Every structure is written in C-alpha cells, then in structure tokens.
Amino acid sequence: MYDANHLIRQLRESSLGREEDVFARLPEGGTVTFGALFAGAERMAAALAAQGVQPGDRVAVQVQKTIQAIELYLGTVMAGGIFLPLNTAYTGPEVAYFVGDASPRVVVCDPARLEEISAIAGAAQVLTLDAAGQGSLRDLADGQGGFDPVARKADDLAAILYTSGTTGRSKGAMLSHDNLASNSLTLRDCWRFTKDDVLIHALPIFHTHGLFVATNVALFAGAKVVFLPGFDADAILNAMPAATALMGVPTFYTRLLADARLTKERAAKMRLFISGSAPLLVDTHEQWEARTGHRILERYGMTETNMSTSNPYDGERRAGTVGFPLPGVEARVMRDGAEVPAGEIGVLEVRGANVFQGYWQMPEKTAEELQPDGWFITGDMAKIDADGYVTIVGREKDLIITGGFNVYPKEVESLIDDQPGVLESAVIGVPHPDFGEAVVAVVVPEGKGTSAEAIKAALSGHLAKFKQPKEIILLEALPRNTMGKVQKKALREAYAGLFG
Ligand code: AMP
C-alpha cells in the first residue's frame, strides 16, 4: 500500500514547516525543536547505516531515557531497521536472551555496561549512549549528514517489543509501521491532541506506553512534551501549571495524590489525565476528581495490540472500566468458542489494524493467540456491559480455580479494598492439597489497626464461602514492575508453600 517509510514520514510530516517550534523541554532547562529532533534522527539513521544496518535488521537498545534515545528510535526506523528497546532493569543474562533471540546487527547500551554487554553481544556491533546522550553512537552520529528514509511497506516491521514474560519465555511482539501509525493517529484524534498541547512525558521509553502512546501521539499532533527522565512528583507538579496533559500508570496518580501540592489550582490548565498499563482503582479515580476536578480517562492496551479501548473524551468516563473499543478496533468476549452475552465474563479478543504481526520466530505461539481471521486472544478476562463499556477483570492466568470453582481475583480485591484501613490488595491462588488452589489475599493496610480477622469477618457476609480467602497476609507494599503492574507471579511463588 505504502511505498514510503510510512511511520517516520508521517511523524515528520505532522510538524513540517514548524522546524523552529519546540518539541521538547528538557529537565536541565534546554529545549529541542522539531527540526533538531528530526535532524538528530537522520544522523542516527546515517550512523546506523554506516555500521551496516540494512532494512529489516534489528537494533537492540538498552539505554536511559534521553532525547538522543528518541532520535535513535526514529533513526532506526528511518534506516529501515527494527527498533528493539529493552528495559534498563534487565541484567546481563536477560539481555543475553534477547540478543540471542533477536540477533540484532547493533546493540546500544550504557557505556558503564560496555564490557558486560560486549561479552554477550555475539556478532552484533556494540555502541554506547549514556544518560547525558553521549557515547560512541553519538560520536558516530555527530559526524553524519542528512539521511533519506529507506522505503518501507505498511506491513514491514518497525519495532519488536518483548512482552514482560510473566509466564515462560518472553516473546518478541512484531509491530509494523501501520500498526504503530494507525493506532497513534486514532489516539491523537480520540483524545483531541493538537499542536497546542503540552504533554508531561514521564513514562519509560522501553515500553509501548511511553514509546508509542506518548511519543508518537505527541509527534503526530505536533505537540510539545515536557521530557522527564522518569517519574518525579516534584518535576510533574512543577510542570503542571503550564501543561495540558499527563499520561501515566496508576502509581503516578496514587503518588501524586499523596502530595499536598496537588490542587485544583495547579491542575487548572490541564485538560486531560490518561491512565493505563494496569488497573486504576475506583478509589483513585474518585479521589483524583475530588482533588483536581478532573476525571481520569482510563484506556486499555497491551504490547501486542497497541491500544484497544478507551473511555470517551466526551461522555461518561466510567471508573473501573476501560471504555469502548477504539474506532477501527473490534472487541468480543469469548467462552468455549462462543461470544458470551453482555455482562458475562470470558476471554477478551480484539481485531483491527492495531494488532501485531505475530511473535518473533515463534510461529506456534503466534498461531495459538492470533487466529487466521485476525482475532487476537488477549489472555485478559473481561466483560462488556449492555452499554458497551469494557471491564478488565484480570489476566486469565491469574484466575483461581478452587475446588473446581472459578474465582476472579478482582471481585475479591474490590471488596477487600472497600474495607476501612485497607490501601490495596492482591488476591492469588496457591497450591492446596484439598482444593487444588486456595484463595489467598495479600493486603496492604492503611495506617494501623487493620487485622486479617477483621477483613475475614467483613467478607463473610458478602462472598460465597469458596471465594473467601483461606489466608490473609498483611504486607507493607505489593511487588510491582516499572509499569506499576502488581507482580502476582512473584506473590504466588512467595506463598507457594503456605498450605504444605
Ligand atoms: P503490557 O503488554 O506490558 O502493556 O501489558 C498489557 C497488560 O496490562 C494487559 O494485557 C492487561 O492485563 C494490563 N492492562 C493494561 N491496561 C490496563 C487497564 N487499563 N486496566 C487493567 N489492566 C490493564
């Protein structure tokens, strides 16, 4: 369909004629214009091409969040390469797996880890980029001139993002130019992003949320970003009076709520707060509205599908739900091979231009989850109510089967979270000699005075016996990954021996 370098060409065209306008405000005080950003990206593309990067080659990148890292993303795709970002928290052995699986032409890492990464990089060329945007890659790029984007087709790959791999091996989700471009354009329009927006960009850029949702939407809108290296309540609150939008994970919102400087006045110019990547508690939604006067817009997506659903910009943003399928995205809830009636729980499937091309070098895994007619089995349990709102109930693998009965953790968690003195909870299934699995609740108390007995007593009138936790464990905090997702697998492992 397209014979041009689809994604980057479009991103670039969105700010054509505005080369002198500011794209990013940097934490240390400087700014980067659209012109400078794309010129930097061209130099990166030229540097990569000079290192032998050919169309279709992977460029694996494990670096801190800098504008140069954004230029590297754009430059890789300009050169026809496939951008492969890696979580900065990954250890050497983890990086070795990704490099072995993806066999990149180039690996870019922090100079502090050059020796370690070089030892596992195999045939790849290893270059460096540090937290100040300096390193051997930058040196190479600085010597380059302009670069003409390499022609690519809509279905050609632009990125491979490895899933977090909570079960088994991490899988490389292959995303095409069109997957990324179409989804970001849809989001820009649904969320009404324009060149007048100032987006607070505090998400990591090794994940779909910060890299594609935040960065691509801002570029497609020709909007400005306040570019922060990570979550920093001070920096976000300082930026807020002159900003219009924030994209965050739920922990952003709970942490900001804990700060007295979050007020209606401070948020007066903001027009949109967006949350995703993990469930936003109804309580957080309500507290946020009371404090700022804004209703958070919650959306849902995953690495494999980009964004699939969103609460409406106009109309009711319903707390606890992830809204409606985006334009061009279909969603259905399936059980035993058939679609379930409205309001019933099953496994969510989605279809549309947003859905990825499959898992890198895993045709069998791909065939298990991506059906020939285009429906992708998300692995999320969900329901769609009569009004069309989608509610995510949790991952299918987190479903608890106890004595043959299904227990959806979210139902139990919601009741526990409603108890006085409870901050939040995670409900898991652990092996049990009689029941197969037993329901266990891990609860984070708020202040003192909460007891496991009081919670148990409060639940007994509200939940069928088989859904009631056999054990309640009080913890100071739930284990979370960098995207704020509760790590239920780690909890299941920690309490696996609870019942002998
Ligand atoms: P990832 O591929 O790391 O983006 O993780 C995707 C998973 O995060 C989804 O399959 C959901 O389980 C979860 N997720 C994302 N957004 C939401 C949301 N708004 N509410 C509940 N779960 C979400």
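Biologist: In this predicted model, how many bridges join strand β12 to β13?

Modeller: Happy to start there, and yes, the model is predicted. Strand β12 covers residues 272–275, and it runs parallel to β13. Within this pairing, Ser275 stands opposite Glu298 of β13. The number of bridges joining β12 to β13 is two.

Biologist: Thanks! And which residue in β14 is the bridge partner of Gly301?

Modeller: Strand β14 spans residues 306–310 and runs antiparallel to β13, with four bridges joining them. The two strands form a hairpin with three residues between them. In β14, the bridge partner of Gly301 is Met307.

Biologist: How many of the six residues of β13 are buried?

Modeller: Let's look at both ways its residues point. Leu297, Arg299 and Gly301 point one way, Glu298, Tyr300 and Met302 point the other way, and all are buried. Strand β13 (residues 297–302) is therefore largely enclosed by the rest of the structure, as its buried residues number six of the six.

Biologist: Is Arg271 buried, partly exposed or exposed?

Modeller: Arg271 lies in the loop between α10 (250–257) and β12. Leaving out residues up to four places away in sequence, Arg271 touches Trp191, Arg192, Phe193, Asp197, Thr244, His294 and Tyr313. Buried would call for under 20% relative accessible area and exposed for over 50%. Arg271 has a value of 22%, so the answer is partly exposed.

Biologist: What distance separates the C-alpha atoms of Arg271 and Gln361?

Modeller: Along the chain, Arg271 and Gln361 are 90 residues apart. In space, their C-alpha atoms are separated by 43 Å.

Biologist: Let's move to the open sheet of three strands. Which strands stand at its edges?

Modeller: The order of this sheet is β23-β24-β25, with mixed pairing. Each edge strand has a single partner strand, so one side of each is left without a neighbour in the sheet; these strands are β23 (422–432) and β25 (471–474).

Biologist: By how many degrees are neighbouring strands of this sheet turned against each other on average?

Modeller: One neighbouring pair is β24 (residues 436–445) with β25, which pair in the parallel sense over four bridges. Here Val440 has Glu471 of β25 as its bridge partner. With direction ignored, the average turn between neighbouring strands of the sheet is 25°.

Biologist: Which helix touches β23, β24 and β25?

Modeller: Two helices are worth looking at here. Helix α13 (residues 409–417) lies across β23 and β24, running at about 145° to β23. The other helix packs on the sheet, covers residues 452–460 and makes about 135° with the direction of β25; the helix touching β23, β24 and β25 is α14.

Biologist: What is the volume of the largest cavity?

Modeller: The structure holds one cavity of 30 Å³ or more. Val61, Val63, Ala69, Phe83, Pro85, Leu86, Ile205 and Phe206 line the largest cavity. By class, this lining has eight nonpolar, no polar and no charged residues. The volume of the largest cavity is about 80 Å³.

Biologist: And how many charged residues are in the lining of the second largest pocket?

Modeller: This pocket has a volume of about 310 Å³. Its lining comprises 22 residues, of which Pro204, Phe206, Gly230, Phe231 and Thr482 lie nearest the centre. By class, 11 of the lining residues are nonpolar and eight are polar, while the number of charged residues is three.

Notes
Residues numbered from 1 in each chain as written. Predicted model: local features only at pLDDT ≥ 70, side-chain atom pairs only at ≥ 80, totals over all residues. Heavy atoms only, no water. 1 Å grid on protein atoms, 1.4 Å probe; cavity = no way out; pocket = protein on both sides within 12 Å on 5 of 7 lines; lining within 4 Å. Points joined across faces, edges and corners; volume = space filled by probe spheres on them. Nonpolar A, V, L, I, M, F, W, Y, C, P; charged D, E, K, R; others polar. Pairing = 2+ DSSP bridges. Axes fitted to C-alpha atoms, helices over the stretch in contact; angles between N-to-C directions. Contact = heavy atoms within 4.5 Å. Buried < 20%, exposed > 50% of the residue type's maximum accessible area, 1.4 Å probe, protein only.
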